[in-house]
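Reader: Could you take me through one part of this model in some detail? I'd like to start from a single residue and work outwards from there.

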Amino acid sequence: ELFPTPIFGLFTNGEKGLMLDMGVRMLRIVALTFPVCGVALVLSNVFQGMGNGMPSMIYGVMRQCVLLLPAVWIFWHFGGTTAVWFAFWVAEFVTAAIILLMYRKEHHKRIQPLLQEPTQ
């Protein structure tokens with residue numbers, strides 16, 4: 001977000017044009033979801049670390065296929081090229097909320113009992 005033009009300039013031949021403009025616009029829109037995506041990815045990896053890969057797989061499939069692809073089509077159909085990038089917001093925030101709810105359930109089920117003092 002701080003330096004989108006120089007970042008995308010690394011991937012072009014130095015010409016300023018439509019592709020650079022689109023890339024800069026995309027980065028400014030999508031980069032706002034990076035913190036949410038980071039938290040969701042960490043929680044997804046927590047499940048894998050606990051030996052429960054199913055929630056992680058559900059997160060990945062839901063994010064990429066179930067939410068992102070239809071959202072891209074809808075945003076493109078009704079808003080054009082620039083609006084497509086907002087589909088990432090939908091996919092990231094919805095899947096982050098779902099993985100957070102799954103983590104809370106798992107935390108109450110598996111982690112919370114480990115933190116309680118043993119009864120004698």
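Author: Happy to! In this predicted model, E106 is buried, because its relative accessible area is 8% and the cut-off for buried is under 20%. E106 sits in helix 6. If we set aside neighbours within four places in sequence, E106 is in contact with F47, M50, N52 and I111.

Let's follow the contact with F47. Beyond its own neighbours within four places in sequence, F47 is in contact with N52, G53, P55, I99, M102, Y103 and E106. N52 therefore appears twice, since contact means heavy atoms within 4.5 Å and N52 is on the list for E106 as well as on the list for F47.

F47 also brings us to the largest nonpolar core, which has 7 residues: C37, A40, L43, F47, Y59, A96 and I99. Two elements give two or more residues to this core, namely helix 3 (34–49) and helix 6 (87–115). Helix 3 provides the largest share, with 4 residues. A second core, separate from that one, has 5 residues, including L67, L68, A87 and A91. As general background, nonpolar side chains in soluble globular proteins tend to be buried together.

Nonpolar residues turn up on the surface too. M54, M57, I58, V61 and V66 form a nonpolar patch there, and together they have about 440 Å² of accessible area. I58, one of these, lies in helix 4, which spans residues 54–79. With a relative accessible area of 34%, I58 is partly exposed; that label fits because the value falls between the 20% limit for buried and the 50% limit for exposed.

To finish, a look at the aromatic rings. Searching the whole structure gives 3 aromatic pairs. In one of them, the ring centres of W85 and F88 are 6.0 Å apart and the planes meet at 20°, so this pair is stacked. The cut-off behind that label is planes under 30 degrees apart. W85 is partly exposed, with a relative accessible area of 22%, and F88 is partly exposed at 22% relative accessibility. Ring pairs also join F86, W89 and F93 into a cluster.

So, back to where we began: E106 is a buried residue in helix 6, and its contact with F47 leads to the largest nonpolar core.

Note on methods
Residues are numbered from 1 along each chain as its sequence is written. This is a predicted model: local features need pLDDT of at least 70, side-chain atom pairs count only at pLDDT 80 or more; totals for chains, interfaces and linings use all residues. Side-chain values use heavy atoms; hydrogens and water are left out. Patches are made of residues with over 30% relative accessible area and no salt bridge: like charges are joined within 9 Å, nonpolar side chains (Val, Leu, Ile, Met, Phe, Trp, Tyr) within 5 Å. Accessible areas come from the Shrake-Rupley method with a 1.4 Å probe; for residues, only the protein chains shown count as cover. A salt bridge is a side-chain nitrogen of Lys or Arg within 4 Å of a carboxyl oxygen of Asp or Glu. Buried means under 20% relative accessible area, exposed over 50%, partly exposed in between (1.4 Å probe, protein chains only). A nonpolar core is a set of buried Ala, Val, Leu, Ile, Met, Phe, Trp, Tyr and Cys residues joined through side-chain atoms within 4.5 Å. Rings of Phe, Tyr and Trp (its six-membered ring) pair if their centres lie within 6.5 Å; planes under 30 degrees apart count as stacked, over 60 as edge-to-face and the rest as tilted.
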